[in-house]
Amino acid sequence: MSNSNSQAISIKGLTKKYGDEYAVAGIDLDVAQGEIFAILGPNGAGKTTTVEILEGYRSRDGGDVQVLGEDPGNLGDKTYSWRERIGIVLQSTSDSGDLSVRETVHHFAKYYSKAKDPDGVIALTGLQEKSNAKIHTLSGGQRRRLDVALGIIGSPELLFLDEPTTGFDPEARRAFWELIRTLRSEGTTILLTTHYLDEAEALADRVAVIVDGKIIEIAPPETLGGRHQAQARITWVEGGKAHERLTMTPTTDVATISARMGGEVPELQVIRPSLEDIYLQMIGGKE
Ligand code: ATP
């Protein structure tokens, strides 16, 4: 059985109802210390509800939950010390518009006993140029980066990121991914919800797919949905005609075709199902 001390998050049989409807219908899930774990699922699948229960912001109806060794639904006098160990980046945050980026980050740093250097965090999140800008003048993506800066300022052991890169341009997303990898190398455990399959693939050690409040599968991105065992599709042109073959041995097949054709194979393509193809199959048209 799992040892709860080595797990940053441990969930057994979690349920949550709104009225008569189950938003979370019995979830079992462990996240190891130092792991980057992504939760994927269509709108309304129960991701935010699950994450907010883990953060201690929503009550649950059933099941056992341990986050950094505590039950977030029953923290009592451990609330403050537990909160200090956790960083949270919510989907949307209320703004404190009249302060500058620098003032805000410095201000939040004071709440934590193990705060990171505020100017270092501003640099890490790529906000140096906006350091003196008032928050209400930031773009959506810059605002989001400030949210991340505030989520990590307290050196959290566990960081919750709810759709962190929504509204980022491609360059900012890549920079954000680097930031997440830096945090991982420092030992931070990260629970991420995202709608971007490439983000899950680039960052996550494991992915859980949730549909209708239930987990369909938990696996590393490379093996999710049997992806590693899925056949590759080879297409090429031979004798003036388009050819296609499904195969488990694309390298061997391409070598055979190439040998037969005496070298270059016109319009050769080897296509494997992307994480997105597999995911869309798994959720069965719900997105
Ligand atoms: P999204 O990808 O859109 O953020 P999600 O997977 O985070 O979706 P949740 O926000 O957890 O989904 O919602 C799960 C279900 O619970 C949805 O059907 C939603 O309508 C319902 N729900 C969520 N919060 C409440 C609430 N406070 N009261 C009633 N129903 C709710």
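Which element gives the most to the shell around the ligand? The views below come from a predicted model, and the answer is H1, with three residues.

**View 1. Fourteen residues surround the ligand, with Gly44, Gly46, Lys47, Thr48 and Thr49 coming nearest among the 14.** The shell is mixed in class. Seven of its residues are polar, four are nonpolar and three are charged. Helix H1 covers residues 47-54 and gives the shell three residues, the most of any contributor.

**View 2. Polar contacts link ligand oxygen atoms to Gly46, Thr48 and Thr49.** At Gly46, a polar backbone atom sits 2.9 Å from an oxygen atom of the ligand. At Thr48, the partner is a polar side-chain atom, 2.6 Å from a ligand oxygen atom. Thr49 also uses a polar side-chain atom, with a distance of 2.6 Å to an oxygen atom of the ligand. On its own, the ligand has 640 Å² of accessible area, and the protein covers 59% of it.

**View 3. Strands S2, S1 and S4 form an open antiparallel sheet, in the order S2-S1-S4.** The edges are S2 (21-32) and S4 (62-67), each pairing on one side only. Neighbouring strands are turned against each other by 15° on average, direction ignored. Helix H1 packs on this sheet and touches S1, S2 and S4. The direction of H1 makes about 125° with that of S1.

**View 4. Strands S1 and S2 pair in the antiparallel sense.** S1 spans residues 7-18, and nine bridges join S1 to S2. One of the bridge pairs sets Tyr18 against Glu21 of S2. As general background, strands of a sheet pair through backbone hydrogen bonds, either parallel or antiparallel.

**View 5. A further three-stranded open sheet has the order S11-S10-S12, again with antiparallel pairing.** Its edge strands are S11 (241-247) and S12 (269-271), and each pairs on one side only. From one strand to the next, the twist averages 20°. Helix H8, residues 250-261, lies across S10, S11 and S12. H8 runs at about 10° to S10.

**View 6. Seven bridges join S10 and S11 in the antiparallel sense.** S10 takes in residues 232-238. Which residue of S11 is the bridge partner of Glu238? The partner is Lys241.

Key. Residues numbered from 1 in each chain as written. Predicted model: local features only at pLDDT ≥ 70, side-chain atom pairs only at ≥ 80, totals over all residues. Heavy atoms only, no water. Pairing = 2+ DSSP bridges. Helix = DSSP H or I, 4+ residues; strand = E, 2+ residues; numbered from the N terminus. Axes fitted to C-alpha atoms, helices over the stretch in contact; angles between N-to-C directions. Contact = heavy atoms within 4.5 Å. Near = heavy atom within 4 Å. Polar contact = N/O pair within 3.5 Å; in protein donor to acceptor, adjacent residues only side chain to side chain. Areas by Shrake-Rupley, 256 points an atom, 1.4 Å probe, with all protein chains shown as cover. Nonpolar A, V, L, I, M, F, W, Y, C, P; charged D, E, K, R; others polar.
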